[in-house]
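Hi everyone, thanks for making time this morning. I'd like to walk you through one structure, so let's put it on the screen.

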Amino acid sequence: MYRLPLGQWVNQGVEWTLNNFGNAFDTFTKSVTNITDSLRQGLGLVPWFLIIIIFALLAWRAKGWRLALGTSVGLFIIYNLELWSPFLDTLILVLIASLVSLIIGIPLGILAARSDRFHKILSPVLDFMQTMPSFVYLIPALMFFNLGTVSAVFATVIFSMPPVIRLTDLGIRQVPADLVEVGEAFGSSSSQMLWKIQLPLALPTIMAGINQTMMLSLSMVVISAMIGAQGLGAGVLAGISQMDIGKGFEYGLAVVILAMILDRLSQGVVRNSRAAIKKS
Amino acid sequence: MGIKIEVKNLIKVFSSQPQKALHLLDKGLSKEHILAETGLNIGVNNVSFTVNEGEVFVVMGLSGSGKSTILRCLNRLIEPSSGSVIIDGVDITKLKSQELRQVRQKKLAMVFQQFALLPHRTVLQNTVYGLEVHGVSKEEREKRALESLAMVGLAGWENSYPDELSGGMKQRVGLARALTNNPDILLMDEAFSALDPLIREEMQDELLNLQQKMNKTIVFITHDLNEALKIGDRIAFIRDGSLVQIGTPEEIIGKPADDYVAKFARGVDRSKILTLKDVMKRPQPIVQLRDGPHVALRIMKEHGISSVFVVDRAKHLQGLITADLALEAVQAGTVSLHDVKLLEVPTHNETVLVQDIFPVIAESKVPLAVIDEEQRLIGIIVRGSVLAGLADTGGDPKDVSSTTGTMG
C-alpha cells in the first residue's frame with residue numbers, strides 16, 4: 001500500500017523555508033537575542049534584595065502579607081542556593097514568552113469569540129499545538145532560530161499560547177446575552193461593544209487564561225534547556241546527565257518556587273478582577 | 001396625535017434561510033403546517049399595528065407568544081424576516097448598520113426584564129452609557145444622567161454598584177439609563193415582571209407619572225393583563241406569533257375578540273379597572289327640585305326606599321331628601337322642594353376607580369351620587385351594584401363558574 005510521505009514533506013518544507021528565508025531568520029534571531037540579552041543584563045544589575053522586595057510588594061498587593069512573606073522566603077532560598085543567575089535567566093524567558101503569547105493570543109481569542117468561522121478553524125489548530133509532543137517542535141525551532149534563547153521562546157510560545165486564546169474566546173462568549181443586547185440597543189459600535197462591555201466582563205476568565213499561559217511557559221522554558229536555553233532548566237538537565245541528584249533537586253526546587261510565586265501572583269490578580277466585576 | 005411607529009406585515013422566521021417558510025406563508029399555509037413540513041419555526045406571523053405618538057402601547061401575551069420578538073424587531077436586535085417597521089416615516093428594516101446605530105442612539109431606548117445593568121460600572125456609569133457611545137462629552141452626559149437619576153428617585157446613589165441595589169432600584173437605573181438618551185420611544189421588555197408585586201405597582205405608578213411629564217411613545221411588553229390594563233392606552237394581544245386583538249383596555253375587557261382574550265380578561269382584578277361609571281345604576285328614582293314633598297314621599301313609597309336624590313332641571317344634584325324631611329315639609333305646608341333644606345351628600349366623579357372608594361361604599365348608608373364633568377347626576381351606586389359589576393365577566397356568563405382566568 002502507498003505510504004503517505006508526510007514526514008518527508010515536512011522535512012522538505014522546513015528545508016525550503018530555510019533555503020529561502022534563512023537569512024531573514026538569522027537576522028531576526030540575532031536582533032531578538034540582542035534584546036533578551038540586554039534585558040537579562042539589565043536585570044542582572046539590579047541588586048538581588050531589591051528584586052525580592054519588588055516581588056514581595058507585588059505579592060502583598062495581589063493577595064496580602066502571607067504571600068509576600070512566602071515569596072520573600074522562597075526567593076531568599078534561591079539566592080542562598082546560589083541559583084540567582086539561572087533564576088533570572090529563566091524569569092526573563094518566562095516573562096518574554098508569556099508576553100509574546102499574550103500579545104498574539106488575546107487578539108486571536110477576541111477574533112475567535114466574534115467569528116464562529118474563525119473559531120471553527122482555530123479549534124483544531126489549538127488542539128494540535130497543545131497535544132503535539134513539545135519535543136517535536138523543539139527541533140524545527142532549533143533549525144530556524146539556532147541554539148539558544150529565540151528557539152526556546154518560539155517553542156514556549158507555541159506551547160503556552162492555547163489557554164489564553166481559548167479562555168479569551170470563552171470569556172467573551174460567556175458575557176450574558178442581555179448585556180450584549182444593552183450594548184446593541186444603545187447603538188454601540190463593534191469596538192465600543194468590545195472595550196466597554198465584552199472585555200471588562202470577560203476579564204476574570206481572560207486572567208485565568210493568562211495564569212495558565214504563564215504556568216505552561218515556565219514548564220516549557222525548563223524543557224527548552226534541551227535546545228540551549230539558559231537558566232534553571234539547564235541546571236536540571238546537567239544534574240540529570242551528571243547523575244548528580246542533589247544538584248538536580250536544588251535546581252528543580254528553584255523551578256517549583258518560581259512556579260508557585262508566578263501562580264499565586266497571577267491568581268491573586270484574577271481574584272481581584274473578579275471582585276472588581278461585581279456580580280449583579 | 002401622529003403615527004410614531006407603523007409595523008406592517010412583520011414576519012420573523014427563526015432560521016437563516018427563511019425564504020421557504022415565507023413562501024409557504026404566502027400560500028396561506030398555517031404556522032403549524034409549516035413547522036411540520038419544513039421544521040421552520042415562525043416566531044412572528046404577519047403582525048401589523050401602529051403606535052401613536054405619546055401613546056403607551058402594550059403588547060400582551062404569554063411567554064413564547066412572540067411578544068419579545070416583536071419588540072426586538074422594532075430596534076432590530078432581531079432582524080425581521082419580512083415586513084417593515086416604519087418609525088417617523090423611515091423604514092428601519094432598510095437602514096444600513098451605521099444609520100441603524102444612529103436611530104438606536106437617538107430615537108429608541110430599551111429597558112430590560114432582568115435590568116441588564118453592567119456589573120463593572122457604577123450607577124452613574126451605567127446611566128451615561130447611551131450618551132457615552134454616542135460621543136457626548138463626559139461633563140454633559142453626567143449632567144443629563146444625574147437629572148434622569150433624580151427623576152427616577154435615585155439621586156445620591158450614582159456611585160453605588162448595581163449589586164448594592166434592590167431589584168426595584170436596579171430597574172429604576174434601567175429606566176434612567178433609557179431616559180438619559182432622551183429618546184422619542186421607550187421599548188420596555190417585561191420591565192417590571194421580575195419585581196415583587198408591591199414594587200411592581202410602585203414602578204407602574206412611577207412610569208405613569210413620568211409619562212405625564214415626558215409624553216414619550218412607549219411600547220411595553222408584559223404577560224400580566226392587570227399591568228397592561230393599568231398602563232396601556234391600547235393593548236395588542238399576541239398568541240402564537242399572531243395578533244389576536246388590539247383595543248383600549250375597555251374594549252379588551254368589554255368585547256374580547258375570542259376565547260383566548262376572554263380567558264385573560266376573567267383573570268383580571270376588575271376593581272382595578274372598573275370606574276364608578278362601569279358599576280353605577282341609572283339614577284332612578286330621582287325627584288326634581290320643582291316637585292313638592294308629596295311627590296317625593298310618593299316616589300319613596302312606590303320604590304320602597306327611605307330617601308331620594310333631588311336634581312334641578314339641568315340634572316345638577318341639589319341634595320338628598322329623606323322620608324322624615326319630606327314629612328316635616330308636608331306638615332309645614334311647603335309646596336316646593338326649593339324651600340326645603342336638603343341633606344348635602346358628597347359626590348364622586350364617574351372616572352374614579354371603584355377600588356379607590358371601596359371604604360366609602362361599604363360604610364355609606366345612602367347610595368353614592370356619581371356625577372360627570374358638568375356636575376350632572378348620571379348615576380347612583382349602591383353596594384349591590386358594585387358587587388354585580390365586579391362579578392360581571394364581560395363575556396359569556398356561562399363561563400364564569402367553569403373556568404377561572406389563568407395568567408402566565
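Before the first figure, a quick word on burial: a residue is called buried here if 20 or more other C-beta atoms lie within 10 Å of its own, with C-beta atoms placed from the backbone. And please keep in mind that this is a predicted model.

With that in hand, let's take chain A. Of its 280 residues, 39% count as buried. What does the secondary structure of chain A come to? We have 11 helices and 0 strands, so to speak an α-α-α-α-α-α-α-α-α-α-α run when you read from the N terminus on. As for dimensions, the C-alpha trace of chain A spans about 65 × 65 × 35 Å along its principal axes. Now for the contacts in chain A: looking at those with a separation of 6 or more, 77% are accounted for by residues 24 or more positions apart.

Let's move over to chain B and zoom in on one helix pair. Helix α7 of chain B covers residues 138–151, and helix α8 of chain B covers residues 167–180. At what angle do these two helices pack? The angle is about 135 degrees, and the axes are 9 Å apart. α7(B) and α8(B) are therefore oblique to each other, and their crossing is right-handed.

Who meets whom there? On the α7(B) side you'll find Arg144(B), Ala145(B), Ser148(B), Leu149(B) and Met151(B). They meet Ala176(B), Leu179(B) and Thr180(B) in α8(B). Sorted by class, this contact of α7(B) with α8(B) has 5 nonpolar, 2 polar and 1 charged residues.

That's my tour, and I'm happy to chat.

Terms used. Residues numbered from 1 in each chain as written. Chains lettered and ligands numbered in written order. Predicted model: local features only at pLDDT ≥ 70, side-chain atom pairs only at ≥ 80, totals over all residues. Helix = DSSP H or I, 4+ residues; strand = E, 2+ residues; numbered from the N terminus. Buried ≥ 20, exposed ≤ 12 C-beta atoms within 10 Å, placed from the backbone. Contact = placed C-beta atoms within 7 Å. Axes fitted to C-alpha atoms, helices over the stretch in contact; angles between N-to-C directions. Parallel < 35°, antiparallel > 145°, perpendicular 65-115°, else oblique. Left-handed = near helix turned anticlockwise from the far one by under 90°. Nonpolar A, V, L, I, M, F, W, Y, C, P; charged D, E, K, R; others polar.
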